[in-house]
Number of protein chains: 2
Amino acid sequence: MNHFVSIQLDKKSKIPLYQQLGDALCELIQKGILKPNTKLPTIRTLASQLKINNATVVNAYKYLESKGVVYAQMGSGTYVSPLPLEMITFPVLPEKDHDLKLKQISISKNTINFANISPPTDLFPVKDFKEMFNEVLERDKGKAFNVQDDYCYDHLQESIADYLTTYGIHTSKDNIQIISDTQHGIDILSKTLLQFGDVIFVEKPAFYGTIAAFANRGARIVEIPLNFDGMDISLLEGCLKLYQPKFIYITPYFQNPTGYSYSLAKKKIILNLAQKYNTYIIEEDYVSDLNYSDKPIVPLKALDKQNRVIYIKNFSKVLVPGLRLGFLILPEKIIERILSHKHSINLSTSGLIQRVFDLYLRKGQWQKHLKKIRTIYEKRYYCLLDALEYYLKNYITYIPPQGGLSVWIKLADSISAANLCDLLLAKNVILSPGSLFSMMQDSSSYLRLGFATVDENQIEKGVKIMGDVLDTMLTN
Amino acid sequence: MNHFVSIQLDKKSKIPLYQQLGDALCELIQKGILKPNTKLPTIRTLASQLKINNATVVNAYKYLESKGVVYAQMGSGTYVSPLPLEMITFPVLPEKDHDLKLKQISISKNTINFANISPPTDLFPVKDFKEMFNEVLERDKGKAFNVQDDYCYDHLQESIADYLTTYGIHTSKDNIQIISDTQHGIDILSKTLLQFGDVIFVEKPAFYGTIAAFANRGARIVEIPLNFDGMDISLLEGCLKLYQPKFIYITPYFQNPTGYSYSLAKKKIILNLAQKYNTYIIEEDYVSDLNYSDKPIVPLKALDKQNRVIYIKNFSKVLVPGLRLGFLILPEKIIERILSHKHSINLSTSGLIQRVFDLYLRKGQWQKHLKKIRTIYEKRYYCLLDALEYYLKNYITYIPPQGGLSVWIKLADSISAANLCDLLLAKNVILSPGSLFSMMQDSSSYLRLGFATVDENQIEKGVKIMGDVLDTMLTN
């Protein structure tokens with residue numbers, strides 16, 4: 001209980017004492033020093049420890065109660081709330097420094113933007129989509145905006161099921177739930193699978209937004225280190241013995257940020273572990289469509305005989321940001337649970353976009369478009385590898401991802417990624433430091449270089465600038 | 001503690017005893033008999049009361065804990081969870097009987113559907129929208145799908161602000177937040193304004209879905225009776241003295257289900273009360289565009305000098321279901337709070353629809369379309385009033401709403417609305433009984449007759465059938 005003694009109150013401040021005390025207690029709760037359902041000291045104890053009036057403590061507790069941070073139990077005392085953090089007035093995770101910096105940068109035409117891994121809007125197939133929109137509106141009239149009772153357009157469920165067979169996934173249309181984006185899918189899954197305080201496993205490093213989304217639902221996150229061929233299996237099994245995670249969230253192909261893909265062997269081991277320890281795997285198919293190798297893509301879902309895998313895919317990741325269309329493949333048990341809760345879960349996704357994309361898939365336009373952009377990105381990918389080899393050979397190591405939209409590079413030990421990013425910012429080159437991709441802000445000697453929106457000229461030029469800056473950094 | 005003695009367990013059942021006990025306790029919690037943070041009996045006490053093994057009670061408590069329904073406190077016992085109900089595996093409010101019946105009905109071409117108050121898809125202006133889609137895609141290309149950082153397309157914020165001046169609302173574009181639908185707006189408002197257990201006031205009767213949405217966020221709902229000219233003011237003020245509601249949710253024009261509109265005097269009184277008792281008013285503009293009288297529409301927001309009103313409107317309610325576009329007008333303080341939490345609140349609405357609707361507004365097409373459909377609905381409205389006068393005069397009373405898409409009728413005391421609905425169902429005429437619109441299932445002598453998707457012929461025919469059925473009911 002020594003945490004309380006360390007609380008500093010400033011009697012001269014304009015902020016009332018009760019509020020200062022409340023905020024200080026909040027900080028202890030946010031930092032996890034005071035756990036949910038911990039009893040707070042009695043009014044008298046805390047008042048005498050801090051040499052303040054009883055009334056100040058009473059008001060501080062009331063103030064915290066009004067924010068939902070603590071709850072009072074009649075005759076028993078005041079306890080730290082076990083409420084999901086999203087219902088509490090404080091953001092769960094602080095915004096990362098670099099994010100803030102990026103926002104202040106005005107991205108001009110001359111900026112070389114290696115931070116972006118979203119497809120550029122100028123590759124979007126406008127003409128084809130216009131045709132589809134017209135055809136759908138002509139065919140379905142006002143009905144074009146509507147969907148079925150379960151918020152899915154059943155023809156699209158069918159055409160997705162059909163498209164999935166090319167990846168070896170055989171599933172019924174009824175197991176497919178249409179979603180607007182990854183965030184939407186995560187929201188549905190959280191509401192269906194998670195209860196406050198449940199443990200889930202994620203890869204480390206991983207995309208920060210996904211972690212934050214689960215944390216916001218009150219999940220406790222365990223990070224399992226990711227090797228070049230998948231999660232560290234012995235650590236994974238160790239953690240499975242310790243915790244009972246509701247699921248393991250993985251990205252088997254071209255993971256963000258590492259670009260790593262799972263080996264077939266590891267995929268099989270993880271499936272067996274999920275079965276042995278009675279948990280689910282959420283497989284995010286991030287950009288497996290952008291495969292530059294000859295090796296066929298084998299999703300975990302294609303190997304899943306025990307219905308342990310929930311598959312999530314967002315078409316926006318490859319087509320155009322803002323399309324707002326994706327889908328989940330769900331085991332029947334979970335589909336039933338979702339449908340029985342559909343009044344309290346937001347399931348809706350634009351009916352018009354569902355109809356348009358259905359037609360786009362059925363006419364083979366999607367495969368045609370993939371082929372086209374795969375060629376473009378593949379050129380950029382090899383151009384980036386060449387430039388890295390030529391300009392940065394002495395400073396970095398990396399594993400060629402053979403797909404996706406970024407390369408994850410490790411800097412020599414003597415170089416600080418944060419420093420390098422700052423120096424490059426000044427030269428109008430932006431990229432993502434590794435510290436963005438873990439809750440603990442480690443991976444600090446890594447960088448992610450995205451090539452979604454930089455053409456070959458810019459890649460060459462940008463990497464050359466990186467080389468120059470590194471030369472200068474290391475001679476100083 | 002007598003609730004527990006009444007629990008009946010069936011030792012012959014295939015359902016394990018612990019689960020039977022768990023489900024029975026759940027029911028007590030769902031019904032509100034056991035309140036949040038109530039301590040459950042000790043294992044030994046409950047086991048001896050119910051004459052079962054201690055282990056059965058232990059397992060029942062564990063089972064409930066796994067569902068998040070109760071929580072255990074080390075050394076102290078097991079308590080009813082204060083978690084928001086949406087995080088618990090059970091739906092908050094049971095689905096209403098009539099809803100279920102409606103779903104089982106196959107609505108055929110011959111069905112006369114007075115239950116629907118959504119615009120029919122055949123009045124949707126396909127041709128105009130096709131033009132807008134083509135123009136936007138041609139103009140913005142792939143960018144057509146994107147929006148700004150705060151998920152709003154700023155030109156649309158501008159054109160909405162401009163459109164609002166015709167209703168006497170003067171607001172900056174920065175106070176407008178684009179949303180997908182009412183449910184989405186409620187979700188944003190709940191996450192921003194509500195904490196678990198907060199009190200809110202709603203009208204009684206009211207649309208069931210809205211109440212359920214707030215209840216799902218853990219709000220405690222107080223229903224204030226609605227008179228023909230607005231909320232009962234003395235009851236409202238009485239409740240304001242008792243509770244401190246986070247907000248009062250009202251629909252000043254053509255309220256669903258009653259069709260009632262607030263008098264100017266009551267609007268002013270409610271604004272003053274909100275100021276006096278330091279609360280907000282959420283004003284839902286449901287279908288004020290469909291005004292069949294000469295009186296101008298004066299939204300509460302147009303009278304709001306103290307920034308007490310949050311205005312919410314969904315264009316789908318008049319244009320086409322499934323459009324998924326609406327907006328909120330928010331006081332600055334709330335906008336700031338939303339933007340500071342935007343990573344944990346889903347704010348996104350299709351960029352494409354935002355751009356298309358912006359153009360639709362700017363070209364004056366929206367006003368043109370409103371004029372057209374207002375004429376159509378006005379005809380149906382007067383046709384319905386005529387038919388009610390002709391066929392049902394002796395059985396009902398009602399207040400002509402002078403706008404909107406439904407009429408709320410009160411049956412003579414001797415008639416049961418539920419019975420009447422059942423008899424009409426058998427004759428392929430469907431309508432909504434009043435019991436659907438209150439948590440307590442009262443308003444049982446009322447019916448809502450919607451005329452959104454029935455033409456004049458059907459209206460005449462349907463009301464005649466109602467008259468015939470009532471004749472038969474009352475002669476028997």
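At what angle do helix 14 of chain A and helix 16 of chain A pack, and how far apart are their axes? In this predicted model, helix 14 (residues 365-391) and helix 16 (residues 456-475) of chain A pack at an angle of about 25°, and their axes lie 9 Å apart. Because angles under 35 degrees count as roughly parallel, helix 14 of chain A and helix 16 of chain A are described as roughly parallel to each other, and helix 14 of chain A passes helix 16 of chain A in a right-handed crossing. Helix 14 of chain A contributes residues including A:Lys379, A:Arg380, A:Cys383 and A:Leu384, which meet residues of helix 16 of chain A, among them A:Glu456, A:Ile459, A:Glu460 and A:Val463. By class, this contact has seven nonpolar, one polar and five charged residues.

A second helix pair is found in chain B, where helix 16 (residues 417-426) and helix 17 (residues 456-475) pack at an angle of about 120°, with their axes 10 Å apart. Helix 16 of chain B is therefore oblique to helix 17 of chain B, and the crossing of these helices is right-handed. The contact is made by B:Asn419, B:Leu420, B:Leu423 and B:Leu424 of helix 16 of chain B, together with B:Ile465, B:Met466, B:Val469, B:Leu470 and B:Met473 of helix 17 of chain B; these residues divide into eight nonpolar, one polar and no charged.

Chain A also holds an open sheet of eight strands in the order 4-11-10-9-8-5-6-7, with mixed pairing. Its edge strands are strand 4 (176-179) and strand 7 (230-231) of chain A, each of which pairs on one side only. Within chain A, strand 9 (residues 280-285) and strand 10 (residues 309-314) run parallel and are joined by five bridges, and A:Glu284 has A:Ile312 in strand 10 of chain A as its bridge partner.

Note on methods
Residues numbered from 1 in each chain as written. Chains lettered and ligands numbered in written order. Predicted model: local features only at pLDDT ≥ 70, side-chain atom pairs only at ≥ 80, totals over all residues. Heavy atoms only, no water. Axes fitted to C-alpha atoms, helices over the stretch in contact; angles between N-to-C directions. Helix = DSSP H or I, 4+ residues; strand = E, 2+ residues; numbered from the N terminus. Parallel < 35°, antiparallel > 145°, perpendicular 65-115°, else oblique. Left-handed = near helix turned anticlockwise from the far one by under 90°. Contact = heavy atoms within 4.5 Å. Nonpolar A, V, L, I, M, F, W, Y, C, P; charged D, E, K, R; others polar. Pairing = 2+ DSSP bridges.
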